[in-house]
Amino acid sequence: MPLLALILGASALGAALPGGGVAALGIAPSSVSVPPITACSEINKRRIIITRTSIGIQGAVTTKNWRNTQWATSLLDPMYRLSSSYRPTNLVAITWRGVISPKGGYLLKREAAEALSAMFAEAKLSNIQLKILSAYRSYSTQVRVFAGWVAKSGLQQARKYSAVPGHSEHQLGTTVDLGSLTGVAWSNPKFPTSPTALWLEANAYKFGFIRSYPAGAANIALSCYGAEAWHWRFVGKGLAYEIVCSAQVPRIFLWNRQNGAERVIAPSCDLLTPPEGYVLPSPSPTPPASETPSETPSDSPSAPPTESPSESPTETPVTPP
Ligand SMILES: [Zn+2]
């Protein structure tokens with residue numbers, strides 16, 4: 001069956017209680033059919049088409065939530081992309097030490113920059129010295145970054161870690177790559193278990209940041225990119241809390257959200273700190289493990305990309321993907 005009927009919450013009770021016992025329990029009846037998201041294993045097999053003037057993934061389409069107000073729930077993966085002309089509003093400069101200042105060498109949306117500044121200050125109290133390695137990247141910058149990774153490791157390796165231009169969360173202006181000022185470097189295989197990375201795992205959501213690409217084979221298969229302990233996306237405190245609570249890969253959470261599914265609340269949610277004033281809905285009676293939508297290859301027709309980057313790839317990357 002290609003479509004998994006994602007039956008959450010009260011609908012499971014409804015089936016067990018014929019005659020409409022659901023409403024009496026005060027839980028809105030719901031049964032949402034979430035269409036399957038295209039499997040990473042399928043989209044990562046698609047050709048990357050490079051011409052003299054453009055680069056793109058075969059069959060890629062503009063993401064549903066592409067508008068400037070939709071940055072928090074915009075789904076970007078190797079299938080869904082932003083337009084090459086997308087540029088976030090409200091970009092402010094921030095230094096590599098996380099201080100908002102016109103002298104800063106990085107750009108972020110103001111909301112993300114302010115949250116990041118607060119997070120840097122809080123981390124310092126735990127003796128964690130964060131630094132920004134990369135922040136907003138325009139489409140044309142991503143062209144250079146991706147081309148650099150291709151030159152360094154080849155196309156197939158590059159696409160595992162670096163987004164094809166248009167597909168990068170860095171183009172949203174809300175995403176940062178973070179490293180440690182004093183500790184293990186982001187590129188060190190030990191970085192994911194370093195105090196800096198562990199601190200981020202435990203605390204970043206309190207400032208509205210989520211890790212887009214978690215570790216583990218199952219998560220990598222669902223996020224379409226290799227594990228990146230340095231890559232953090234700002235979505236706001238409420239949504240970050242909900243995503244971490246769900247224990248779902250952000251790509252899957254956002255897909256389900258876009259398609260009207262109810263939230264998943266994983267058991268580990270009890271251990272998290274909700275944002276001030278946040279009211280957590282009652283937990284779903286259905287175990288979260290069964291609520292990941294099934295993946296099937298998409299049958300959408302392939303169309304070559306048409307947008308042209310404004311600069312040709314030439315530089316070797318110095319930033320993380
Ligand atoms: Zn990144």
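Which residues of α5 are buried? The points below take up this question and others for a model that is predicted.

1. The buried residues of helix α5 are Tyr139, Gln142, Val143, Arg144, Val145, Phe146, Ala147, Gly148, Trp149 and Val150. Among the elements that cover these buried residues are β4 (55–57) and α6 (155–161), so a reader looking at the structure could begin with α5 and then find these two elements beside it.

2. The length of α5 can be checked with simple arithmetic, because its 15 residues (139–153), counted at 1.5 Å a residue, should span 21 Å, and the C-alpha atoms at its ends are indeed 21 Å apart, which agrees. Just after the helix comes Gly154, which takes a positive phi of about 90°.

3. Phe146, one of the buried residues of α5, also deserves attention for its contacts. Leaving aside residues up to four places away in sequence, Phe146 touches Ala158, Ser162, Ala163, Val164 and Pro165. In the largest nonpolar core, which has 67 residues, Phe146 is among those that touch the most other members, together with Leu108, Leu116, Phe209 and Ala240.

4. For the chain as a whole, there are 10 helices and 12 strands, and 43% of the 321 residues count as buried. If one takes the contacts between residues at least 6 apart in sequence, 66% of them join residues at least 24 apart.

5. Four of the strands form an open sheet in the order β9-β10-β12-β11, and their pairing is antiparallel. The edges of this sheet are β9 and β11 (209–211), each of which pairs on one side only, and neighbouring strands are turned against each other by 45° on average when direction is ignored. Helix α4 (residues 110–125) lies across β9, β10, β11 and β12, and runs at about 125° to β12.

6. Within this sheet, β10 pairs with strands that can be followed residue by residue. With strand β9 (residues 130–134), β10 pairs in the antiparallel sense over four bridges, and Asp177 of β10 is the bridge partner of Ser134. With strand β12 (residues 231–234), β10 is joined by three bridges, again antiparallel; here Thr175 stands opposite Arg233, while Val176 has Trp232 as its bridge partner.

7. Is strand β10 (residues 175–180) largely enclosed or largely open? Six of its six residues are buried, so β10 is largely enclosed by the rest of the structure. In a regular strand the side chains alternate between the two faces of the sheet. Both faces of β10 are covered, since Thr175, Asp177 and Gly179 on one side, and Val176, Leu178 and Ser180 on the other, are all buried.

8. A contrasting position is Pro267, which is found in the segment after α10 (250–258). Pro267 is exposed, because there are 11 other C-beta atoms within 10 Å, and the cut-off for an exposed residue is 12 or fewer. The C-alpha atom of Pro267 is separated by 8.6 Å from that of Ser246, a residue 21 places away along the chain.

Technical notes:
Residues are numbered from 1 along each chain as its sequence is written. This is a predicted model: local features need pLDDT of at least 70, side-chain atom pairs count only at pLDDT 80 or more; totals for chains, interfaces and linings use all residues. A residue is buried if 20 or more other C-beta atoms lie within 10 Å of its own, exposed if 12 or fewer, and partly exposed in between; C-beta atoms are placed from the backbone. Two strands pair if DSSP finds at least two bridges between them. Two residues are in contact if their C-beta atoms, placed from the backbone, lie within 7 Å. The expected span of a helix is 1.5 Å times one less than its number of residues. Axes are lines fitted to C-alpha atoms, for helices over the stretch in contact, and angles run from 0 to 180 degrees between N-to-C directions. A nonpolar core is a set of buried Ala, Val, Leu, Ile, Met, Phe, Trp, Tyr and Cys residues joined through C-beta atoms within 7 Å.
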